[in-house]
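Open the structure in your viewer and keep the selection tool at hand. We will go stop by stop.

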Amino acid sequence: MKVSVIRNVLEANDRLAQELKDRFAERGILALNLMSSPGAGKTSLLERTLADLKGEFKMAVIEGDLQTDNDARRVAATGAQAVQVNTEGGCHLDSSMIEDAIAVLDMAGLDILFIENVGNLVCPAEFNLGEDHKISILSVAEGDDKPEKYPLMFHLSSVMLLNKTDLLPYVDFSLEAASAHARKLNKDIEIFPVAARNGEGLTPWYDWLRKARAGKR
Amino acid sequence: MHEMSIAQSILDIIKQEMEKNDLTKLIKVKIKFGRLTNTVPEALETGFMALTIQTPLESAVFELEEIQARYKCFKCGKEFSPEGTNRLLVPCPFCGEDLGHEVLAGKELFIDYIEAE
């Protein structure tokens, strides 16, 4: 017998993601899902953001990695709460991992929750985590055709941070080409060229965070 | 390895549907996936085989069908698909606009039907 199913394969993850989103909304927490390839500078960007905005916001980080707690320790050094999730080989975070992580987080008074996904331009895009926004980070050392090659992530992101602009003189990367590719996928995407290493260009990113956080109150 | 977790989700849904309909032997499962998802059909099939080996679902046929991307032009509003090309991003064939097309199809990933007895 033939049974018509028509069910979204990821419905279980999506359902839990919606529950998490509701929980974040109840507490007025801005939740952001940071995605990039390994080495694009997610952790460095977070370290700087956490240090620069610590007087303004109470922030916490969920760190996703295949192994080690190196990133959680780096982030915790800024004074922010950090929880490490090891996926033990898994290529992305899913909602159940976030549920486990927030069980050990002190959510009281939290303004912003950063979720640093596993370094990977492919898989994380498919799994909602209850975030308000997806943020893509692309470093100029990776090539300006990445949005075109890995479209889904950029299509779904509210913001694309073009990191390591301090390396621009040494690499063949066109900010214009990368931006044009991303806008083809998503005309409303906000694009901020930044250098987490020396802090250049971070003000528009911080202003975006302030605005997004204000929208949650 | 994200195909493995997708295969597991597929299997969970199939089991629910079979139980609901009092079915025990799976003959076929049909999955539809959009061109813009990052689904690798071979990897998904391998994942499904790995999860069902030596179970009552083992001999089922696993069929995948790709759904072509379909856009609505940001400027002229006409609909089009990037046909006959490997490129996902194409200018509107009617007015040439390059940016901001609305995605009408291509992001799906769902179980269409199962055949079982």
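## Stop 1: Chain A as a whole

Select chain A: 50% of its 217 residues are buried. Remember that this is a predicted model. Colour by secondary structure, and chain A shows eight helices and eight strands. The radius of gyration of chain A is 17 Å, close to the 17 Å that the globule rule gives for 217 residues, so chain A is as compact as a globular protein of that length. Along the principal axes, its C-alpha atoms fill a box of roughly 60 × 45 × 35 Å. Now think about contacts in chain A between residues at least 6 apart in sequence: 75% of them join residues at least 24 apart.

## Stop 2: Strand β3 of chain A

Select residues 59-65 of chain A, which form strand β3. How many of the seven residues of this strand are buried? Seven of seven, and the strand is mostly covered.

Show the side chains. Met59(A), Val61(A), Glu63(A) and Asp65(A) point one way from β3(A). Ala60(A), Ile62(A) and Gly64(A) point the other way. Both sets are buried.

Next, find the partners of β3(A). Strands of a sheet pair through backbone hydrogen bonds, either parallel or antiparallel. Which arrangement do you find here, parallel or antiparallel?

- Add residues 112-116, strand β5 of chain A: five bridges join β3(A) to β5(A), and the two run parallel. Label Val61(A) and you can pick out its bridge partner in β5(A), Phe114(A).
- Add residues 81-86, strand β4 of chain A: six bridges join β3(A) to β4(A), again in parallel. Here Gly64(A) stands opposite Val85(A).

Trace the chain from β3(A) to β4(A). The path goes through helix α3, residues 70-76 of chain A, and this β-α-β crossover is right-handed.

## Stop 3: The nonpolar core

In soluble globular proteins, nonpolar side chains tend to be buried together. The largest nonpolar core in this model has 90 residues. Which members touch the most other members? Select Ile98(A), Leu113(A), Phe114(A), Ile115(A), Leu161(A) and Ile10(B).

Zoom in on Leu113(A). Leave aside its neighbours within four places in sequence. Leu113(A) is then in contact with Phe24(A), Ile29(A), Ala31(A), Ala60(A) and Ile62(A). You have already met Ala60(A) and Ile62(A), which point the same way from β3(A).

## Stop 4: Helix α7 of chain A

Select residues 175-185 of chain A, helix α7. Its buried residues are Ala178(A), His181(A), Ala182(A), Lys184(A) and Leu185(A). Why do they lie on the same side of α7(A)? They cover an arc of only 155° around the axis, which puts them on that one side. An α-helix has 3.6 residues a turn, so residues three or four places apart point the same way.

Now show what these residues pack against: β6 (133-139), α5 (146-149), α6 (151-156), β7 (159-163) and β8 (190-193) of chain A.

Step back into the loop between β7 and α7 of chain A and pick Asp172(A). Is Asp172(A) buried or exposed? Asp172(A) counts as exposed, because it has 8 C-beta neighbours inside 10 Å. The cut-off for exposed is 12 or fewer. Draw a distance from Asp172(A) to Leu138(A), C-alpha to C-alpha: they are 14 Å apart in space and 34 residues apart in sequence.

## Stop 5: Where the chains meet

Show both chains. 28 residues of chain A are in contact with 30 residues of chain B. On the side of chain A that touches chain B, β1 (2-8), α6 and α7 of chain A each give two or more residues. The largest share comes from β1(A), with seven residues.

## Stop 6: Chain B

Hide chain A. Chain B has two helices and six strands. Follow them from the N terminus: α-β-α-β-β-β-β-β. Buried residues make up 30% of the 117 residues in chain B. The radius of gyration of chain B is 18 Å, whereas a compact globule of 117 residues would have one near 13 Å. Its C-alpha atoms fill a box of roughly 55 × 30 × 20 Å along the principal axes.

Finish with the open sheet of three strands in chain B, ordered β4-β3-β5 with antiparallel pairing. β4 (79-80) and β5 (102-105) of chain B stand at the edges with a single partner strand each, so one side of each is left without a neighbour in the sheet. Select strand β3, residues 70-72 of chain B: two bridges join β3(B) to β4(B). Last pick: Lys72(B), which stands opposite Glu79(B) in β4(B).

Technical notes:
Residues numbered from 1 in each chain as written. Chains lettered and ligands numbered in written order. Predicted model: local features only at pLDDT ≥ 70, side-chain atom pairs only at ≥ 80, totals over all residues. Buried ≥ 20, exposed ≤ 12 C-beta atoms within 10 Å, placed from the backbone. Helix = DSSP H or I, 4+ residues; strand = E, 2+ residues; numbered from the N terminus. Pairing = 2+ DSSP bridges. Right-handed = clockwise from strand over helix to strand, strands pointing away. Rg over C-alpha atoms; globule rule 2.2 N^0.38 Å. Arc of directions from axis to C-beta. Contact = placed C-beta atoms within 7 Å. Core = buried A, V, L, I, M, F, W, Y, C linked by C-beta atoms within 7 Å.
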